[in-house]
Amino acid sequence: MTNDPMRLALQIAETMVLEMERPERTPDAMRAVAEQARLMMAATGKDVSAERITRELESRFEVWVPREVWVEDPEGHVSWFPGREKKIEWNYWERYRTWLTHRVGWKPQAVEALNEATKTTLSLLEDPERPGEWRVKGLTYGQVQSGKTANYTGLICKAVDAGYQVVIVLTGAHESLRHQTQARLDLEFLGFNSRFTRQRTAESTYIGVGNLSMKNPPLCLSITTRDKDFNANVLETTPVDPRRVRLLAVVKKHSQILGNLADWLGTFATEQPDGRRLITDLPLLLIDDEADYASVDTRRPRRGRTASDPDHDPTAINRRIRDLLNRFEKRAYVAYTATPFANIFVSNDTNHPRFGDDLFPSSFMVTLSPPSNYCGPEVVFGLEDQTSDIARDPLPVTRLVSDEAAWMPDRHDKHHVPPDAMPPSLCQALDAFVVATAVRKARTEHFGARPGHNTMLVHVTRYTPVQATVARQLVARLKEMDNLWGDRGARGAALRERLRNLWKEDFEPTYDTMAQRGDLTGMVGEPVTYEQVEALLPEVLAECVTGVKIINGEVADVLEYESATPATVIAVGGDKLSRGLTLEGLTVSYYLRASRTYDTLMQMGRWFGYRSGYLDVTRLYTTRELVDSYIHIARANRELMDLVSFLSETDRRPSDVGLRVMDGFPHLKVTNAAKMRNSATISLSSAGQRPETLYMRTSEGAVAENFDRLERLVDAIQGCPELVPGFFRPSGRGFFRGDVPVKAVLEFLDGFAASPKVLQASPKLLVDYITGQSAHGELTHWTVAVASGASDRTFSLGGQEFRQVSRKLVEGISSIQAGTDFQVGVLVGPEHEATGLSEEQYRRAFEETKVEFARKGRKPPQRPSGRAIRGHRDSREGLLLVYPVDSKPVRGMMQEDLPLVGYALSLPNSNTARPINYRVNEIYLKDLQQMMSDAGDVPEDDE
């Protein structure tokens, strides 16, 4: 416990706030707690400021963290966590929690969220004490640099506390990432330097959490170290018995390394009655970090065969992971990644006779939404965030590069020699890094800001010889700046003037803009003067000269962030900088490296993450093409996360989850072709289509929101004309309006709570399509019809009473539970789609249908087909049909009087519309085929 009165008062106050429910944590409540903490300290003779405590509490609790979302398969899973939670001594977890709160400086909400998320994931695993054989395969994913390592560190702590005996962490293919992961787990899980495992009792070897108290911990040793993976020498000299201690192994995804580990663990296996050799009573937790990289079986089976065929030989890493899992009787596999595209395309029904099922996350999928202080693509590029009401502007930190072509052409090889003159944009980026580092040092010096590492990323080529040339150019430039700083001549004056101008023209206006934004509270640091910054520039320049490091497989440079003294680093590299490696205190990124796949490109975005107190000095120098690519990928990733959130609400299993990823951006693929061999591309265009909500939401919030949207729509168009004579409309008492402005239709659709099961009816897809076509002079005027049916239930709309529409559930189901989608075969009544057509348009559509039916030898039709109707609808006009469906078959609805609101749009053909491509997995394809089969159903006599 600290002796600092203010820190002690803050700990007391923070504990009191954490005991409140989140909605109770108002500013007034914070002030009341601060006053209580002041009085408690005053009783001990200590004087502290209640005002300062209040400010600190507001700062600490300003971060909002969304709950994790998951889908799970309960079959074969035995619920265990609620019964054991209070019986487990959470030694490792509580020590880690304390470390994050009081040493790392995490906000309380972030620690709370981590506790909840890891609790969820642990509960989805099996009880390590459960007897018999069991297997768990799950996936956890969030955004790049958003805290996945902290998540699996917390999960490891809790799993070991609960009784998991062996923990294996698979990192990427590079030793630098394995080294960084081992160092992180040494610091935050083990508590001692793994280099000195055998001298663990020596006081000097305790680090990180090891310096915090922990009672009766189960002893856990690492059989790998920061310097040594599980190579042949370690294999032969490891005397540890996993039955006596917990084990940790941090290993690269290297076939030989994984083989060594499997061989060593195999010595603890015993023969079973069925002839298999299994390691019994040693529950395994295998964490697969960067799980979309190397772990996926990319080998195509022989023609006409499947991955379950005995002759199929999976790729080496995939085979080794499956073999490792198969050596344990009790095993849990949890994949972690920021780019799960390849993982969702893994086949979910592989069953190889030797290697068993593949790594599809059949047990659970967990999505982690980052906290409000995370700077991801939505924040950096100002994208629409579906979870927020804030319309964000882009951060003013991106600087577009257009002068790189002569220095570093997009298409170059390892023999390319960059000209000596670096592009002005790179020179400016280097200047910006020098100034940004000085700003951060000034804030530490004058305001007591937490000192931190400072890093610049230079990622312009994958070729190591070219990287070496770039590093030499950077060093030469920095040496020149260092030598010139004190020069009293013209060149020295020019350098000082250049940095002063950069401050005035870039750093000052950028700070002013960001400091005024309410959504960036806590991310922007204290204001400093240029005089304070300038005084530190000589020190920064000297550090930069020696801070240039080449990070690739051919040099010995390693990113060391383990010293207490903040490091200043300019990291030059390629592949090793694009997978998992954390760049501490990254402020300036100079990034030109193009990639052709979503996952690789997103992983290269190391500038996403947390920049508390210095977001205003971060800069991203890159090209317009790359910015556009990131925006597209971010939208595709957001759509995927939203889809999993919906599936969680409807209690779907991972094996039921048909997942899709928006495809079709020029020059980009979702992932490499081999990882997509179990997927297919579907192309969707709304032109000439009739998208309809064949699945309707039944949750209380969705039902109320959608009906409220319908009421607002009717209010907005009351003044529009009734359908005039000469326009075709079906008989009935429905609500009809013509010449409705497109704005009213867009407001109805935008934010409508629709099921994502029917992609073509997605409100966002339709809003984007209608908006785009309006720019071409199409779909500018609408007919809106609200159907009235034959149900005994009524609803009020626009001052009139209407009967609700009856629709049967598909597949003969008589009723469903609230929260489950209400699925119908067809929503639209037989004649409804002709609403709004002129008599001449209707006649021509009918004649065309008769000719088509006669050509196919079918009986004469009674009305025009939907396809013919859409073909004869004017491209400037659209039809919105709204169906208030009777919710009687839904059990447990809180608002039984409200109908379920569904809609259909009749969209004319277009010569300007462009289709949207989606890459979908096997499950989605099966669902799509089933829906197409069901679409032949015809509703009963509703009008």
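Is T171 buried or exposed? Views 1 to 6 below come from a predicted model, and the first one takes up that residue.

**View 1. T171 sits in the loop between β3 and α8 (175-190).** With a relative accessibility of 0%, T171 counts as buried, since the cut-off for buried is under 20%. Leaving aside residues up to four places away in sequence, T171 touches L177, R178 and T181. The rest of its contacts are V250, V251, K252, K253 and D289.

**View 2. Eight strands make up an open sheet with mixed pairing.** Reading across, the order goes β1-β10-β2-β9-β8-β3-β5-β4. At the edges stand β1 (69-72) and β4 (220-222); each has a single partner strand, so one side of each has no neighbour in the sheet. From one strand to the next, the twist averages 15°. Zoom in on β3 (residues 166-170) and β5 (residues 246-251), and you'll find them running parallel, joined by five bridges. In that pair, V169 stands opposite V250 in β5.

**View 3. Helix α5 (residues 91-104) meets helix α7 (residues 148-162), their axes coming within 6 Å.** The axes cross at roughly 150°, which makes α5 roughly antiparallel to α7. On the α5 side, look for N91, Y92, W93 and Y96. Facing them from α7 are A150, T153, G154, C157, K158, V160 and D161. Sorted by class, this contact has six nonpolar, three polar and two charged residues.

**View 4. Helix α5 also meets α8, with axes that come within 9 Å.** Here the crossing is at roughly 105°, so α5 is roughly perpendicular to α8. Y92, R95, Y96, W99 and V104 do the touching for α5, while α8 brings L187, E188, F189 and L190. What kinds of residues make up the contact of α5 with α8? Seven are nonpolar, two are charged and no polar ones take part. Y92 and Y96 turn up in the α7 contact as well as in the α8 contact.

**View 5. Six strands form an open sheet in which the pairing is parallel.** The order this time is β11-β16-β15-β12-β14-β13. β11 (398-400) and β13 (548-551) are the edge strands, each pairing on one side only. Ignoring direction, neighbouring strands are turned by 15° against each other on average. Five bridges hold β12 (residues 454-459) to β15 (residues 586-591), and the two run parallel. To find your way around that pair, start at M456, which stands opposite V588 in β15.

**View 6. G734 lies in the loop between α21 (700-717) and β20 (735-741).** Its relative accessibility is 14%, so G734 counts as buried. Skipping residues up to four places away in sequence, the residues G734 touches are R729, V786, S788 and F802. How far apart are G734 and P242? They are separated by 492 residues in sequence and by 73 Å in space, C-alpha to C-alpha.

**Inset. Helix α1 (residues 5-18) has 14 residues.** At 1.5 Å a residue, α1 should span 20 Å, and its end C-alpha atoms are indeed 20 Å apart, so the two values agree. Which residues of α1 are buried? They are M6, A9, L10, Q11, A13, E14, M16 and V17.

Methods. Residues numbered from 1 in each chain as written. Predicted model: local features only at pLDDT ≥ 70, side-chain atom pairs only at ≥ 80, totals over all residues. Heavy atoms only, no water. Axes fitted to C-alpha atoms, helices over the stretch in contact; angles between N-to-C directions. Helix = DSSP H or I, 4+ residues; strand = E, 2+ residues; numbered from the N terminus. Parallel < 35°, antiparallel > 145°, perpendicular 65-115°, else oblique. Contact = heavy atoms within 4.5 Å. Nonpolar A, V, L, I, M, F, W, Y, C, P; charged D, E, K, R; others polar. Pairing = 2+ DSSP bridges. Buried < 20%, exposed > 50% of the residue type's maximum accessible area, 1.4 Å probe, protein only. Expected span 1.5 Å × (residues − 1).
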